[in-house]
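User: I have a two-chain model open here and would like to talk it through with you. Could you start wherever you like, and I'll follow up?

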Amino acid sequence: MDKKMKKETSNNLILKFETFVDKYKLLLAAVCTVLLLVFPYMGVNQYILRIVIMIGIYSMLALGLNILTGYTGQVSLGHAGFYAVGAYTASLVALKLGANFFVATLAGAALSSLCGLLLGLPTLRLKGTYLSIVTLGFGEIVKMITMNWDKVTNGTLGLKNIPKPVIFGVKLTLSNNGLYYLMLVLVALTALICMLIIKSKIGRAFMSIKEDELAATMMGIKTTQYKILAFVISAFITGIAGAFYASMIGFIDPNSFTFDISTLIISIVIMGGMGTIRGMFLGSAILIVFPEVSRFMMDYRFVVYGIVLVLMMRFRPQGLLGWKSQLPYKFPKLARQELEKQDKSILNTL
Amino acid sequence: METLKQIKKTMQESRSLYKEKDFINGAYIKNLKGRSMLSGFSPTTVERVIIQQLFNGLALGMAYSLIAVGYSMVFGILRLINFSHGAVYAFSAHMALFFIGMQFGIIPAIIISIIITGMLGIVIDKTALEPLRKKNSMPIASLITTIGMSNIIQNLLMIFFNTERKTFPAFFDFGMLNFGGVQINSTQIVMCVVSLALLIVLTLIINKTKLGLAMRATEQNSKAASLMGINVNFVISFTFFLGGASAAIAGALISGYYQIVYPGMGFMVGLKAFAAAVLGGIGVLYGSVVGGLVVGVSESFAATFLGSSYRDSVAFIILILVLIIRPTGLFGKKDIKKV
């Protein structure tokens, strides 16, 4: 009885929070936008700015993985592979062909999504854990290729002097805040695209595959096609993040894309709450800031990181922000208009 | 702090006790020098290299299959990839080194390390995985938990034993054996024999004892098994113990072979053993032996003929090919999904 009461009040808290957010949606959005826009002028140093940009990059990575793992239910343990493909392709295109940042990024994302397509094809035959194993192998193989293909990737020494993005003749760097704003634009675009995908027919197909693949097939959803599509979209977003990372840091080597990065990305997705978009930002903020803040703990911080993961899985496996919406169901605009035409009294009862 | 200093001191002592030997990628330079030609069968250089690499691969492969068995058993029962297994393997090697440093003698030290590592397996299961099973949480939660556990173990090892590479005594090196012009290191033969014996013992435990019967029953259907009066949680813990103990034996063997020990050593070996387990059909014991041998042999051939930097990727390329062609591995049973 006591437990039940507690649950109800906590549900109410979420409900209250959600109604509050819903009520002041525009105001909150405006405040957040303004805060994010003026953030570099609030007296932060480059160190903090760099961390914030890293949070942005990992939010993009998490959003990419979230499409695949959170919505479609295919667990990938090799996203560092896509990240590396995006970063290396973009930097090589920029370095060897002298291409613009945006062209290079598109090239990186394109090759990354091609890899996604190739990796997605085994989903025809593989399920669940076996698929995760293949993605894990993919991540390792990409790392081996970047290490051993000396002529192109410069082996373990890595690529140096990757050019910074240039817009209308202005070089975007950390000190003129250009990189920060570019990051904001990229993250906002990614989040927008993710939201649009999720709200579309494709998104509903993804979610149905996650819930029950067999039932989805019965409902006429071509599960294989959609799974491959999820891989491609996810790899594309990850590739963009990789290209931006390479351009920001200016130096990449195979050790920037280890298995640890893959686990970090999946930890962010799970910590924030799988299948939510809001969770990705909180998750990446926590997991990127944590190692920086806890420097006083020295070597113990990665032990603590492991303990946090274990405890998180035990006590809140749905993630920090992974609640189901408590708000009453709202009809989409078009459906609402249809209903209004037919009978106004129906709407009142709803 | 006092104990920490003591540990460090003993570590240093143990380091000074055994002199470092020259090795390239784990293979002795000694291997390549001083061959004696016998009359009769006189292999050419290429043949000799091939035979030596074959033995090298077989020895490594047997040790891999000991680790793979741990993955395989846990996967068979829980349908879970136990990512902490690589860290458990690294832990076992450090424990063995620690007790050798405490002047326990080599064999007792290894036995203690086997028991402690088995206990660690139980601890991982009881503290982290059992609560998740009780809550019936989603599979990915357990996966992340094991990643977290491996993080904890590996970093604790780094704190207590330093990140540097420490030398491990070559406790089963009886010199070189000569088979008609082909020199084979006795360590490789010892590794093969010990691993094979242990794998046979494991198979006997699983196929002939009552506990093994309980394990197989739990693997098939844990709910039905618990209705038949089998203590499923005990069986799972026992599986973790067996997995940990076999990883500890593999740890002692591989450390004695390469003669280096460091906290990050479990990662790559763990992944390879895992690849071996999947290759042979995860959940099937003899499958992981075959998988381990394939991975070990292909690795040592890749190291000689393609260059040492490719040795790690070969396992994964084989793994992916096998999974695409035959998703359940070489000997895996097909999962039948009933609606």
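Analyst: This is a predicted model, and a helix of chain A makes a convenient start. Helix H12 of chain A runs over residues 259-272, and its 14 residues reach 20 Å from the first C-alpha to the last, close to the 20 Å expected at 1.5 Å a residue.

User: Is H12(A) mostly covered or mostly open? And what follows H12(A)?

Analyst: H12(A) is mostly covered, with 13 of its 14 residues buried. The helix is followed by A:Gly273, which has a positive phi near 125°.

User: OK, zoom out. How many helices and strands does chain A have?

Analyst: Chain A comes to 16 helices and 2 strands. Its radius of gyration is 22 Å, close to the 20 Å that the globule rule gives for 350 residues, so chain A is as compact as a globular protein of that length. Along the principal axes, the C-alpha atoms of chain A fill a box of roughly 70 × 55 × 45 Å.

User: What share of chain A is buried, and what share of its contacts join residues at least 24 apart?

Analyst: Buried residues make up 42% of the 350 residues in chain A. Counting contacts between residues at least 6 apart in sequence, 76% join residues at least 24 apart.

User: Give me a concrete residue. Where is A:Leu63, and why does A:Leu63 count as buried?

Analyst: A:Leu63 sits in helix H3 of chain A, residues 46-71. A:Leu63 counts as buried because it has 27 C-beta neighbours inside 10 Å, where 20 or more are required.

User: What does A:Leu63 touch, leaving out residues up to four places away in sequence?

Analyst: With those left out, A:Leu63 touches A:Thr190, A:Ala191, A:Cys194, A:Ile237, A:Ile277 and A:Met280. For A:Thr190, which is 127 residues from A:Leu63 along the chain, the C-alpha atoms of the two are separated by 7.5 Å.

User: Switching to backbone oddities, what is the phi of A:Asn161, and is A:Asn161 buried or exposed?

Analyst: A:Asn161 has a positive phi of about 55°, although it is not a glycine. A:Asn161 lies in the loop between helix H7 (150-153) and strand E1 (166-167) of chain A, and it is exposed because 9 other C-beta atoms lie within 10 Å, while the limit for that class is 12 or fewer.

User: And B:Gln259, buried or exposed?

Analyst: B:Gln259 counts as buried, because it has 22 C-beta neighbours inside 10 Å. B:Gln259 is not a glycine either, yet its phi is positive at about 60°, and its place is in the loop between helix H9 (232-258) and strand E6 (260-261) of chain B.

User: Since we're in chain B, what is its make-up?

Analyst: Chain B has 12 helices and 6 strands, and buried residues make up 49% of its 339 residues.

User: How many residues are in contact between the chains, and which helix of chain B gives the most?

Analyst: In chain B, 34 residues are in contact with 30 residues of chain A. Helices H4 (106-135), H5 (139-161), H10 (265-279) and H12 (311-325) of chain B each supply at least two residues of the side that touches chain A, and H5(B) gives the most, with 13 residues. The residues of that side of chain B divide into 25 nonpolar, 7 polar and 2 charged.

User: Where does H4(B) bend?

Analyst: H4(B) bends by about 45° at B:Leu129, and a proline, B:Pro131, follows within four residues. Its end C-alpha atoms are nevertheless 43 Å apart, which agrees with the 44 Å that 30 residues should span at 1.5 Å a residue. After H4(B) comes B:Asn136, whose phi is positive, near 60°.

User: Last topic, the largest nonpolar core: which residues touch the most other members?

Analyst: That core has 194 residues, of which B:Ala63, B:Ala275 and B:Leu319 touch the most other members. Helix H2 of chain B (residues 45-78) gives the most to the core, with 17 residues. Leaving out residues up to four places away in sequence, B:Ala275 touches B:Val295, B:Ala315, B:Phe316 and B:Leu319.

User: What about B:Gly57, what is B:Gly57 in contact with?

Analyst: B:Gly57 is found in helix H2 of chain B and is buried, with 24 other C-beta atoms within 10 Å. Neighbours within four places aside, B:Gly57 is in contact with B:Gly296, B:Val297, B:Glu299, B:Ser300 and B:Phe301. The C-alpha atoms of B:Gly57 and B:Ser300 are separated by 5.2 Å, although the two are 243 residues apart along the chain.

How values were computed. Residues numbered from 1 in each chain as written. Chains lettered and ligands numbered in written order. Predicted model: local features only at pLDDT ≥ 70, side-chain atom pairs only at ≥ 80, totals over all residues. Core = buried A, V, L, I, M, F, W, Y, C linked by C-beta atoms within 7 Å. Contact = placed C-beta atoms within 7 Å. Expected span 1.5 Å × (residues − 1). Nonpolar A, V, L, I, M, F, W, Y, C, P; charged D, E, K, R; others polar. Bend = angle between axes of the 7 residues up to and from the residue. Rg over C-alpha atoms; globule rule 2.2 N^0.38 Å.
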